[in-house]
Amino acid sequence: MAVDASTSAKGDLIIKNLTKTYGEFNAVDDLSLVIPKGSFFALLGPSGCGKTTTLRMIAGLEEPTSGSISVGTTDITDMKPYKRPVNTVFQNYALFPHLSIFENIAFGLRRRGVSDAEVKAQVDKVLNLVELPQLAERKPNQLSGGQQQRIAVARAIVNKPALLLLDEPLGALDLKLRRQMQIELKWIQTEIGITFVHVTHDQEEAMTMADTIAVMNNGKIEQMGSPEELYDSPRTSFVANFLGQSNLIPGTITGNDGDNLVIELFGNKVAVPKRRSSAHGNSVLVGIRPEKFRVAAEGKGATGNVLTGGVVSDVSYIGVSTQYQVEMPWGKELMVFEQNDDDEDFLRKGEKVTLSWEPVFSFVLDGSEIASSGSH
Amino acid sequence: MAVISRPSGKVFALKDNKSAFPYLLLAPGLLWLFMFFILPIANLAQMSTKTSSGETGEFVQSYRFANFFDSFMDASGQFARSFLYATLATLIALAIAYPLAYAIAFKSGKLKNVLLVLVIAPFFVSFLLRTIAWKQILGEEGAVTAILRTLHIISPQTTLTSSAFAVVTGLAYNFLPFMTLPIYASLERIDPRTLEASGDLYANGFTTFRKVTLPLSMPGVVAGTLLTFIPAAGDYINANILGNPNTKMLGNVIEARFFKIVDYPTAAALSFTLMAAILILITFYIRKAGTEELV
């Protein structure tokens, strides 16, 4: 028997120029990335962006049109799924309905000829890890969605793959259970140290769990980095809008001031750190997250970058914060989230206000970006 | 929405009230069963213990349970042959139907509906005609005999008709759709992602079939084998048209006793013995297959 990659291959997942074409349509378009061993990696994007196709190619369930996939030094591009050092947690769990929970989890071990005693030990261990040892003799249809989800994870990780793929694993759960499972999955990943590649369209889920997020759009990676990096310094408007919300205001770079760029926004001069800029020319979009704005009645003290002449056009109180829509003199509305952490009076609809923010809390995109791309 | 938000008291009250409505719905079916199944069976049971009064076609109730034993001993050869032929026909039908159903369920793409229609197409022709057609196909002028003779698989003197071979293959052919459709239905219900999961968990194609596809399709296999075996065991048309005097099945004996010899008690006793034997056999089979809850 040839060396079995399903146990021997270890190391980083290396994807090179991966492309998947359906007719004229590039589902995955020349994708290259390295996922370091032991990391929790999220592929984040809207439906149809190619993230699931990418995952299925890694699992061997789809054949790439071109490009290569390797784990460490082992090329797995043309390997049959059952020979890959990869296990998958499927979207609908795909548990075997005719087998007990114990046999579901034991399935992979038995296929590899692990002895009965060892199977029992391993399955018991992993059942304890997901805290469901009492369910071993049940059938999958006797379990709740959350329990099935955990069994699906257990069935995959018991094989100690180099790589665990999770295809929207929490999509079918309700919000509360999803939050709980996010924390549990993160804990399990830390506990066993396997590389997790997690596909999701839920930006909050990706940010909660992943060390590194790749934001995908139209078969390409828009940007890759830690959650903080992507949130604070998005390089495209798609990322700025898909990960949280952003106000993107068109402006022109007029000069430099030390480490800052000086940008004119409809007559207001503002400063943004150079390191936060991904602009190529002088025409730019300045991005400010809604919660970074400070809003005050016109004439009250405002420091840092200032935009004057706003009028409150809508107020919604949502407990932890109050959300304002502020109409600016140039006709666009900006979104502002104010923490309800002081006893300041609410600003009322129609009131004239000044917006301000600290320069470090903004970023600059190239002016060729489409401001609404990736909006929810 | 209005229905859902309505105070629940009244809705539940309706449920609690033991309405006669479900029984009304059942009534036509129950009546039908009573008229055309229960009554004839009771009649048959009465007949099975009668003895001849001496006049042809007249019988008197004598509670002669030895009728069962006597008739069974007389027809034990045909009895054994019925079960042997039915078993062989079921196995042949299974061997043909499973790959066929598998291909239709997983590999047929857009042709799926066309193929399903083709599977049931023989039903547009009467059972009798299909059996006669089978005689033609296997006949001296037919292609099957010619090809097998050319290939020296059978000798020039061997004929395929009027043989056990013709009876068994005729049974298999006639009941093939009953085998194919339940298997297809159970294969079709399998979530393809469980098959992907099996591959993901180190099972190759054959192991996936053995450990996932086959067990998940067992309800269809059990249903299909029963739907084939039961009518095949009681059939007499195939043996009549395709067989010879040495391939008579129990159905032929019953038919002869009823319509030719006018020995109703023996025919009735044999019918009951056959029914009991089939019941015992399938009970054992279903237990063995372990799918009581699925049939």
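## Two domains in chain A

In this predicted model, the domain assignment divides chain A into domain 1, residues 5–232, and domain 2, residues 245–366. The C-alpha centres of domain 1 of chain A and domain 2 of chain A are 40 Å apart.

## The six-stranded mixed sheet

Chain A contains an open sheet of six strands in the order 6-7-8-3-9-10, and the pairing within this sheet is mixed. The edges are taken by strand 6 and strand 10 (220–225) of chain A, each of which has a single partner strand, so one side of each is left without a neighbour in the sheet. From one strand to the next, the twist averages 20°.

At the strand 6 end of this order, strand 6 of chain A runs parallel to strand 7 (residues 163–167) of chain A, and four bridges join the two; A:Val86 has A:Leu163 in strand 7 of chain A as its bridge partner. Strand 7 of chain A is in turn joined by five bridges to strand 8 (residues 195–200) of chain A, again in a parallel arrangement, and here the bridge partner of A:Leu163 is A:Thr195 in strand 8 of chain A. A:Leu163 is thus bridged to A:Val86 and also to A:Thr195.

In a regular strand the side chains alternate between the two faces of the sheet. Strand 6 of chain A is covered on both faces, with A:Val86 and A:Thr88 buried on one side and A:Asn87 and A:Val89 buried on the other.

## Strands 1, 4 and 5, and the enclosed helix 2

Strand 1 (residues 13–22) of chain A pairs with strand 4 (residues 66–71) of chain A in the antiparallel sense over five bridges, and the bridge partner of A:Thr19 in strand 4 of chain A is A:Ser66. Strand 4 of chain A also pairs with strand 5 (residues 74–75) of chain A, antiparallel once more and over two bridges, with A:Val71 standing opposite A:Thr74. The hairpin formed by strand 4 and strand 5 of chain A has two residues between the strands, and A:Gly72 takes a positive phi near 60° in this hairpin.

Helix 2 (residues 51–59) of chain A is largely enclosed by the rest of the structure, because nine of its nine residues are buried. Among them are the charged residues A:Lys51 and A:Arg56, together with A:Leu55, A:Met57 and A:Ile58. The residue that follows helix 2 of chain A is A:Gly60, whose phi is positive, near 90°.

## The five-stranded antiparallel sheet

A further open sheet in chain A consists of five strands in the order 13-12-11-14-20, with antiparallel pairing. Its edge strands are strand 13 (268–273) and strand 20 (362–366) of chain A, each of which pairs on one side only. On average, and with direction ignored, neighbouring strands of this sheet are turned by 45° against each other.

At the strand 13 edge, six bridges join strand 12 (residues 260–265) of chain A to strand 13 of chain A, and these two strands run antiparallel. Within this pair, A:Ile263 has A:Val270 in strand 13 of chain A as its bridge partner.

## Contact between chain A and chain B

The contact involves 17 residues from chain A and 15 residues from chain B. On the side of chain A that touches chain B, the elements that give two or more residues are strand 6 (86–89) and helix 3 (101–111) of chain A, and the largest share, three residues, comes from helix 3 of chain A. By residue type, this side of chain A divides into nine nonpolar, six polar and two charged residues.

Strand 6 of chain A therefore has two roles in this description, as an edge strand that leaves one side without a neighbour in the sheet and as an element of the side of chain A that touches chain B.

## Annotated spans of chain B

In an unreviewed entry, UniProt annotates residues 79–285 of chain B as "domain: ABC transmembrane type-1". In the model this span is 78% helix and 0% strand, and its end C-alpha atoms lie 19 Å apart.

Under "transmembrane region", the unreviewed UniProt entry lists residues 21–42, 83–102, 114–133, 164–185 and 267–286 of chain B. One of these spans, residues 83–102 of chain B, is 100% helix and 0% strand, with its end C-alpha atoms 28 Å apart. Residues 164–185 of chain B are likewise 100% helix and 0% strand, and the end C-alpha atoms of this span lie 32 Å apart.

How values were computed: Residues are numbered from 1 along each chain as its sequence is written. Chains are lettered from A and ligands numbered from 1 in the order in which they are written. This is a predicted model: local features need pLDDT of at least 70, side-chain atom pairs count only at pLDDT 80 or more; totals for chains, interfaces and linings use all residues. UniProt positions are given in the numbering used here, feature names are shortened, and annotations may be inferred rather than shown by experiment. Two strands pair if DSSP finds at least two bridges between them. Axes are lines fitted to C-alpha atoms, for helices over the stretch in contact, and angles run from 0 to 180 degrees between N-to-C directions. Two residues are in contact if their C-beta atoms, placed from the backbone, lie within 7 Å. A residue is buried if 20 or more other C-beta atoms lie within 10 Å of its own, exposed if 12 or fewer, and partly exposed in between; C-beta atoms are placed from the backbone. Domain bounds come from an automatic or database domain assignment.
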